Amino acid sequence: MSTPIDLEKADEELKERGGISGFLNSNRTLIVAVLTVAVFGIAAYAIFDLTNEVRYDDVVHALETTKLSSILLALFFTGLSFASLIFYDQNALEYIGKRLPFPHVALTSFSAYAVGNTAGFGALSAGAIRYRAYTRMGLSPDDITRVIAFVTLAFGLGLAAVGAIALLVIADEIGPLINVNGLWLRLIAGAILAALAVVIVIGRNGREVQIGPIAVRLPDSRTWSRQFLVTAFDIAASASVLYVLLPDTAIGWPGFFAIYAIAVGLGVLSHVPAGFGVFETIIIAWLGSSVNADAVLGSLVLYRVIYNVIPLAIAILAVSVAELRRFVDHPAASSMRRIGGRLMPQLLSTFALLLGMMLVFSSVTPTPDQNLEFLRDYLALPIVEGAHFLSSLLGLAMIVAARGLGQRLDGAWWVSIFSAVLALLLSLLKAIAIVEAGLLGFLIFGLVVSRQLFTRPASLLNQALTGGWLTAIAVICIGAIVILFFVYRDVEYSNQLWWEFEFTGEAPRGLRAVLGISIVSSAIAIFSLLRPATPRLDPVSEDAVERAVEIVRNQGIADANLVRMSDKSIMFSEKGDAFIMYGKQGRSWIALFDPIGPKHALPELVWRFVETARAAGCRSVFYQISPALLSYCADAGLRAFKLGELAVVNLTNFELKGGKWANLRQTASRAVRDGLEFAVIEPHHVPDIMDQLAEVSESWLADHNAKEKGFSLGAFDPDYVASQPVGVLKKDGKIVAFANILMTETREEGSVDLMRFSPDAPKGSMDFLFVQILEYLKEQGFQRFNLGMAPLSGMSRRESAPVWDRVGGTVFEHGERYYNFKGLRAFKSKFHPEWQPRYLAVSGGVSPMIALMDATFLIGGGLKGVVRK
C-alpha cells in the first residue's frame, strides 16, 4: 500500500501524540485500572463507615433467620429475570435480520448473563460468550458486534427509562433519603424521559438518521416498545430478588425499585467487576435509615449468591449434561453439545474466579465455635493453621488459573483441578466448611466432564496477566482487607497478634492469610508488569522456506507463494504439515493470511502462534484472514475487525460474452490493434528475460515515485520472480508490462503479485494483461482467480455498525486524497468478481488501529517507507 503523506506533517502528527492527550491514549488501560481500584476503595471505605455499628455476628444471625419462603421467592424472581434476559438476544437477532434455533439462543444468552452478572465488565465478558457461540452458529463478527451493541444499548436505555419513571412517581419518598428536594428529582427524571422520547420519535418506523457522513437506522417503534417491556420486566424481577430477601421495611416496592435501578446503573458505570462494593454501598446508604444495616448486609450476601452463583452453576450443569451425552446421535443433542463446548471454558473460568474469591474471603472470616471445638478434639493446631493459610493461597491460584481456563490451557486445567481438590480437603480441615466443599466439588465435576476441551499446551508461568485481571485481583485483595477489619473491628491491634497460634485465635489467622495473599498477589502483578523484552526474530532458513513451499504446492491458496520471498518467519505445526508466515513490527507479531495447510492443523497452530507471541511479550495479530478462521481466533481470545473485501473471479464460467463484458472486450480489441502481444514465460525461461523485467520494474517505480514493499506484497527479487510463471505484454518485441502469476499444483486458484508496466505502455495495457491471464488460467483448468483485496471495501456505515466499520466506511468514501480506495475497487469490479470479506484479528485489549499501523509499517518497510509515496 502506498500512501502519499508529507514527511513534515507526519512528524508533526507524531509530536501531537505527545502531551496530555497522548499520555491518556497510550496509558488508557492503566488509568482505567487505577480509577477502578480507587472507586472500589472508596466504596469499601464507605461500607465500612456506614456499618460502624454493625457486627459480624449480627450479619450471620440475619442470614440464619432469613425465611425459607423469602429464599424460594428470590429463586423464583431470579428465574423470571433470566428468562426475560434471553429475549434481549432474541430481539437483537431479529433486529439484524438473523434467525437461530431458540434453544441455542437461550443457552448462549443464559450463559452470557450468568458470566456477565458475576464478572461484570472487568476480567471476563459476556461478549466473549456470545462471540464463541454465535460464530459456531454462522454469524459473522459484524453480526455479533451488532448483537452485543443492541443488548448493551437496550439495557442502558431501558435502565435509564425505568429508573426515571420510577423516580418520577416516588420522588417525594426518595428525596428525604438523600436530602434532595422531590421537585428536583422529578425535573431530572423528566429531562431523561424527554431525551429518550426524542430518540424514539426520531427513530420511528426505522427512520434513518444522518450523523455527519454516517447513516444510522434506529430501531422502529415496535422494536423500542417491545425491548422496553423486556428490560422493565427484567429489572423489576431482579429488584424483587433483593426486595423479598430484605426484612420488613417502611420503603415500598416502587421506592425500592428506583433505588435498585440507580444502584445497578452506578455499579455498571464504576467498571468494578459486577459493581461489587459500589452496588452494596448505595443500597446500604439509602436503606440504612429504614432497615437495620446488619439485615441489609445479610440480604445482600444472599442476593449475590442467589442471583450470581446459582445461575452460573445451572449453566455449568446444563453444559455438563450435554457433554455427558456426547454419544447421543440426535442432531439437536449433538448441536447443543457443540455450542456447550464453546461456552464451557468461559463458564468454568468465571466459576473458578468466584470460588477463588470465596476461598480468599473465607480465610479472613471466623469459623463457627462448634466447628472449632470439634476440630480441637481431632486435629493438631498446626494442621488447622496450615490448612487455613494454604487455602487462601489456593484461592489466589484459582483466580490466576481462571484466565487460563477461559483460553482452554491444559496447564490451567491441571492447576485448577489440583487447587480445587486440595482446597476441598483443606476446607474440611480448617473449618468443616460443607457448603464451600460442595461448591469446590461441583467445580471439580465440571472440570472432569469437560477435560477434552482443555488441550492447549501452555505454561501458566508465561501468562502475563492483563490490566483487567490485575484490577480484579486488586479488588479482591482490598475486599479481603476490608472484610478482615469489619469482622475483627472490636479486636485491638497489636504486633503480638501476628505470633498468636491458638484454636480461638481467629484474628491472627486472618491477618496472616491477608499478608500471604498480599505478598503473592504483588509478586504476580510485578511479574506481569515487568514483561520480557521483545526478542528479534531469527532470519528464516532456506530449509524452512523449502518445507513451506512444498506445503504450498499441495494446497489451494495461491497467495501462499509469498512465502518464497523469504522475508517472513515461519511457524510449522507439530506434524509439519501446515505453517503460519509472520513478521514482527514493534510489539506485534503479525501473521499473514490463514495458516497454510490442512484444516485439522489450524486450531492448535493459531493457538501456538498466540501463545508464542505472548511468551515473547508481544501482541498477536492476524492480517487478511478469511471468515473460516474467525472461530479459531475467537477461541484464542482475539477480536476481529473487517479490513475489506477480496475479489475472486469464478473461472469455470468466465468468458468475454454479454453486455457486462463489453468494456473489457473493447479494451482487448484496442490492445490487439495497438500491437500488444501476450505470452506466458515458464519459470525456467524467466532468467532469460530478467534484465527486461528489471528495466520495466525500475521505470515503474521511478514513474510512481515508489519503493519496493514487503510482507503482504512481493518485491522485485530475481529468485522470487523466477519461481513462478510470468505473464508479459510485448510491443514491437519489447516487454512493456508484466505480472508474475502465483499458482499451486492443485489448480484451485491463481493470482498475481507484481504488476508493473513501462510509462510508454499503451493505455489499457493492464486491463488487457489481466484478461489474458484469466483466459490462460481457465485454459489450464484453474477454478478461480484471486484479484486481491480492496481495503475498507464493504464496510458497514448503517444501523448499529461498530465504530471501526463506520470510520472505515467514511474513509473509503472520503479518503481518495490519501489512497485510491474507490479506484482500486472500481478496477477489480470490471471483472465482476465475488466479494469475500477479510478481517484483522488482534489480541483482546489491543486497539485495532495499533495493529493496523504495525502491519502498514511492516508492509512499507517502517515509518520512512510508509510516509514516502
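Reader: Which residue forms a salt bridge with K430?

Author: Happy to help, and please keep in mind that this is a predicted model. K430 is buried, and its partner is buried too. The closest N and O atoms of the pair are 3.4 Å apart, and the residue that meets K430 is E436.

Reader: How many salt bridges are there by this rule?

Author: Side chains of opposite charge can pair when their charged atoms come close. The rule asks for a side-chain nitrogen of Lys or Arg within 4 Å of a carboxyl oxygen of Asp or Glu. By that rule the count is 15.

Reader: How many residues apart are E94 and R226?

Author: The side chains of E94 and R226 meet in a salt bridge, at 3.2 Å from N to O. E94 sits in helix α5 (residues 68-95) and R226 in helix α11 (residues 221-245), so the pair links distant parts of the chain. Along the chain, their separation is 132 residues.

Reader: Is K568 buried or partly exposed?

Author: K568 forms a salt bridge with D567, and their closest N and O atoms are 2.6 Å apart. D567 has a relative accessible area of 38%, so D567 is partly exposed. Buried means under 20% relative accessible area. K568 has a relative accessible area of 4%, so K568 is buried.

Reader: Which strand is joined to β7 by ten bridges?

Author: Strand β7 spans residues 638-650, and eleven of its 13 residues are buried. Seven bridges join β7 to the antiparallel strand β12 (residues 784-791), where V649 stands opposite F785. On the other pairing, R639 has V842 as its bridge partner. The strand joined to β7 by ten bridges, also antiparallel, is β13.

Reader: Why does V180 count as partly exposed?

Author: V180 lies in the loop between α9 (171-178) and α10 (182-202). Together with L183, W184 and L187, V180 makes a nonpolar surface patch of about 420 Å². Partly exposed covers the range between under 20% and over 50% relative accessible area. V180 counts as partly exposed because its relative accessibility is 32%.

Reader: How many disulfides does the rule give?

Author: A disulfide is a covalent bond between the sulfur atoms of two cysteines. Cysteines here include C477, which is buried at 12% relative accessibility, and C633, which is buried with a relative accessible area of 2%. The rule needs a pair of cysteine sulfur atoms within 2.5 Å. The resulting count of disulfides is zero.

How values were computed. Residues numbered from 1 in each chain as written. Predicted model: local features only at pLDDT ≥ 70, side-chain atom pairs only at ≥ 80, totals over all residues. Heavy atoms only, no water. Buried < 20%, exposed > 50% of the residue type's maximum accessible area, 1.4 Å probe, protein only. Helix = DSSP H or I, 4+ residues; strand = E, 2+ residues; numbered from the N terminus. Pairing = 2+ DSSP bridges. Patch = residues over 30% accessible without salt bridge, like charges linked within 9 Å, V, L, I, M, F, W, Y side chains within 5 Å. Areas by Shrake-Rupley, 256 points an atom, 1.4 Å probe, with all protein chains shown as cover.
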